[in-house]
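Me: I've got a model open and I'd like to poke at the labels people put on it. Can we go through them one at a time?

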Amino acid sequence: MVLFNLFIVSTPRHWLISVFLRLTRFQDEPAMIVFESGFPRKLAEDAINLDYFSNAEILPSGSEKVQIRAMAKLLDGHRLNHILTGSVNEPFVQFTIQAAKIQNPNLASYLLDDGLFSYQATSRKPMPALRLFSRKLKYGWWYQEPNPLKINAPWIDGAFLFFPDKLQGALPEKNVHGIDSNWLSVLDSAEVLKKLNEIYGLAPQRADIDVVVILDVYRKAIETSQDYPEDVVHFLTKLDQSGKRFLLKYHPRDKANDPLEIQKRFPKQTVLRGEIPFELLLPNLNEDVMFTGDISTILLEAKSFLPNANVSVALIGSHDRTPLPILQNANIKAYQRFSNIPVGYRSDAVN
């Protein structure tokens with residue numbers, strides 16, 4: 001039976017990483033891709049037509065049991081060699097990996113870089129024994145409790161990460177690979193970025209932007225601080241009144257369309273909806289652009305891709321600050337509020 005590689009993606013960024021790995025690391029075997037139900041539907045349908053993968057499925061929405069049944073059907077008749085997934089803790093992912101390893105004990109499963117919590121454990125509390133037992137009854141005895149550090153989940157063998165040197169606390173048996181720093185150049189050369197720009201109706205060109213603002217999921221941010229909307233708007237008002245051209249990017253898992261109504265408040269500024277991968281814009285930014293936002297891996301990527309960029313982080317909306325030291329070690333300045341950030345600040349001149 002032919003061995004397949006399986007990619008499971010929940011965001012457009014995961015899709016870009018999957019295409020890169022498909023082109024550079026897993027090109028010798030046929031590959032399938034599964035788009036999770038939360039993945040933007042139209043993008044998934046358009047991406048399927050690009051033919052980077054021999055088989056593609058869009059996971060049905062519904063209960064976790066519905067998704068498990070869908071993955072069981074997909075596994076029927078396919079023997080897998082590798083599974084690469086941006087999601088780790090969802091029951092259907094755990095089921096898929098463990099079922100595939102029964103078919104092929106040599107199968108290797110990998111986490112695809114899923115942001116800062118790919119590198120550091122969350123503040124997740126241990127699951128009560130009764131809850132764990134009830135989940136085993138609900139899904140099957142294969143179900144295991146998620147690990148606070150994603151790579152340490154028993155069903156995960158390793159990871160593909162942008163910054164493997166920043167990974168903290170991984171078990172020694174985990175197999176960690178770095179994603180090449182030139183990955184966007186590879187995708188650009190293969191016209192992947194061009195095709196994705198066409199899907200979104202974007203024109204790739206040099207972006208005349210002074211400040212980029214990256215937001216976390218709005219619902220989580222406002223649960224952390226009721227002052228969050230006012231603070232963000234106050235900061236953007238300062239930028240707008242000082243003549244700065246800013247671009248605001250919502251989180252890819254934020255399904256609401258501009259919940260802060262930034263485009264309405266500042267019609268001459270640029271707002272990108274959450275589903276558009278920031279990697280499409282990154283190669284077109286000026287090297288001295290200013291970056292700020294909630295705790296996000298994009299800030300780390302920006303510092304790496306554009307070393308001369310001024311990068312800071314605002315903490316007001318961050319419900320879990322455990323990854324903050326990773327950003328600070330990369331010389332990213334932390335502020336309690338957006339409104340504390342001087343509009344013309346330099347990262348090496350602010351205390």
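**Checking the labels**

Reply: Sure, let's start at one residue: setting aside neighbours within four places in sequence, Leu 239 touches Val 211, Val 213, Lys 244, Phe 246 and Val 343. Leu 239 sits in helix H9, residues 228-241. Keep in mind that this is a predicted model.

Me: What makes Val 343 a contact of Leu 239?

Reply: The cut-off is heavy atoms within 4.5 Å, and Val 343 is listed among the contacts of Leu 239, so the pair has heavy atoms within 4.5 Å.

Me: Why is Leu 239 called buried?

Reply: Its relative accessible area is 0%. Buried means under 20%, so Leu 239 is buried.

Me: How far is Leu 239 from Asp 210, in sequence and in space?

Reply: They are 29 residues apart along the chain, and their C-alpha atoms are 9.3 Å apart.

Me: On to the sheet. What is the strand order, and how do the strands pair?

Reply: It is an open sheet of seven strands, ordered E3-E2-E1-E4-E5-E6-E7, with parallel pairing.

Me: Why are E3 and E7 called edge strands?

Reply: Strand E3 (55-58) and strand E7 (175-178) each pair on one side only, which makes them the edge strands. On average, neighbouring strands of this sheet are turned by 20° against each other, direction ignored.

Me: How do you know that E1 and E4 are paired?

Reply: Pairing takes at least two bridges. Six bridges join strand E1 (residues 3-9) to strand E4 (residues 79-85), and the two run parallel, so they count as paired. For one bridge to look up, Asn 5 has His 82 in E4 as its partner.

Me: What about E2 and E3, and which helix lies between them along the chain?

Reply: E2 and E3 pair in the parallel sense over four bridges, and Ile 33 has Ala 56 in E3 as its bridge partner. From E2 the chain passes through helix H2 (residues 41-48) to E3, in a right-handed β-α-β crossover.

Me: Which strands does helix H1 lie across?

Reply: Helix H1 (residues 12-24) lies across E1, E2, E4, E5 and E6, and runs at about 155° to E1. Helix H3 (residues 64-75) packs on the sheet too, touching E1, E2, E3 and E4, with its direction at about 170° to that of E2.

Me: How confident is the predictor overall?

Reply: The mean pLDDT is 90, and 97% of residues reach 70 or more. Residues 345-351 are below 50, though that stretch has 14 contacts in the model beyond near neighbours in sequence. Where pLDDT is low, the predicted coordinates should not be read in detail.

Key:
Residues are numbered from 1 along each chain as its sequence is written. This is a predicted model: local features need pLDDT of at least 70, side-chain atom pairs count only at pLDDT 80 or more; totals for chains, interfaces and linings use all residues. Side-chain values use heavy atoms; hydrogens and water are left out. pLDDT is the predictor's confidence in each residue, from 0 to 100. Axes are lines fitted to C-alpha atoms, for helices over the stretch in contact, and angles run from 0 to 180 degrees between N-to-C directions. A crossover is right-handed if, with the strands pointing away from the viewer, the path from the first strand over the helix to the second runs clockwise. Buried means under 20% relative accessible area, exposed over 50%, partly exposed in between (1.4 Å probe, protein chains only).
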